[in-house]
Amino acid sequence: MGFNAQIKDADVQAVEAWMATQPNTTSVAEFTPGPGIQRLALKFDITELKKALDECLEREEFQGGMQDQGFAALPLTQRPGQTEWTENDLSGRYWLRGDERYVEEPREDLVPEINFSEFNPKFTGTYFEHVHEELAKRFPVGRTRVLSKGLYNCNSWHRDPEPRLHIPVVSNPGSLFIVNHHVTHLPADGSIYFTDTRGYHTALNGGETRRVHVVAALAYDQITK
């Protein structure tokens, strides 16, 4: 039995036009570049990245007091001689509009990214050390962390003081990154993605497995001229 709308206004015509087409359900599992997120030419070996993740987790467990909320970190870099990490070291300054007031407010303290210049000796000899060396030859790399996001989980909608490089190590098609109004999947294939996290962004994991990225802050604004 067909449906006949009693009112045929512009809204009805628009919806009927949309219903005459089918959404693309294939490309959503691919990377789509956009304002604030681009794939770099440099690429690492995904098999070695996964191996390094396993090796590091055999030496050290994920850290952070928000693991029950799906956020966990493993610091790959440190201040010279550092042996302990605060919650602020693992997270750091960000801004958000957290409630119905729509007022932007800071959270946590600023982290001097450029001071995290030493690779964590706990992970010496892993492929992650090679990754950090290659990145540091090209960019002013600050904190470099392995960040894990639990399944069915989302970060806050926030902005950071600096942009970041993301290297997906473990992912799934439901793992998405959103910068301002652009959303895309970042496949774990060894690629490196520039994410301009100075703009509002979030990461979400809508898949059935965890998501793990190596994330390196770019401390361009902290370089001494």
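This report describes two strand residues, two cysteines and one helix pair in a predicted model.

**Arg145 in strand β7**

Strand β7 spans residues 141-149 and contains Arg145. Because its relative accessibility is 5%, under the 20% limit, Arg145 counts as buried. Leaving aside residues up to four places away in sequence, Arg145 touches Phe71, Leu74, Pro75, Leu76, Leu90, Ser91, Arg164, His213, Val214 and Val215. One of these residues, Leu90, also takes part in a polar contact: its backbone oxygen lies 2.6 Å from a polar atom of the Arg145 side chain. With respect to Gln6, which is 139 residues away along the chain, the C-alpha separation of Arg145 is 58 Å.

**Thr202 in strand β14**

Thr202 belongs to strand β14, which covers residues 201-205. Its relative accessible area is 6%, so Thr202 is buried as well. The contacts of Thr202, again without residues up to four places away in sequence, are Cys154, Asn155, Ser156, Trp157, Leu176, Phe177 and Ile178. Among them, Asn155 places its backbone oxygen 2.9 Å from a polar atom of the Thr202 side chain.

**Accessibility of four residues**

The table collects the relative accessibility of the two strand residues and of two cysteines.

| Residue | Relative accessibility | Class |
|---|---|---|
| Arg145 | 5% | buried |
| Thr202 | 6% | buried |
| Cys56 | 0% | buried |
| Cys154 | 45% | partly exposed |

Cys154 falls in the intermediate class because its 45% lies between the 20% and 50% limits. Cys154 is also one of the residues that Thr202 touches. A disulfide is a covalent bond between the sulfur atoms of two cysteines. With a cut-off of 2.5 Å between cysteine sulfur atoms, the model has zero disulfides.

**Helices α2 and α4**

Cys56 also appears in a helix contact. Helix α2 (residues 46-59) and helix α4 (residues 127-138) have axes that come within 8 Å and cross at roughly 120°. An angle of this size lies outside the ranges for roughly parallel, roughly perpendicular and roughly antiparallel, and the two helices are therefore oblique to each other. On the α2 side the contact involves Glu48, Leu49, Ala52, Leu53 and Cys56, which meet Tyr127, Phe128 and Val131 of α4. By residue class, this contact comprises seven nonpolar residues, one charged residue and no polar residues. The charged residue is Glu48 of α2. Cys56, at 0% relative accessibility, is a buried member of this contact.

Conventions
Residues numbered from 1 in each chain as written. Predicted model: local features only at pLDDT ≥ 70, side-chain atom pairs only at ≥ 80, totals over all residues. Heavy atoms only, no water. Helix = DSSP H or I, 4+ residues; strand = E, 2+ residues; numbered from the N terminus. Buried < 20%, exposed > 50% of the residue type's maximum accessible area, 1.4 Å probe, protein only. Contact = heavy atoms within 4.5 Å. Polar contact = N/O pair within 3.5 Å; in protein donor to acceptor, adjacent residues only side chain to side chain. Axes fitted to C-alpha atoms, helices over the stretch in contact; angles between N-to-C directions. Parallel < 35°, antiparallel > 145°, perpendicular 65-115°, else oblique.
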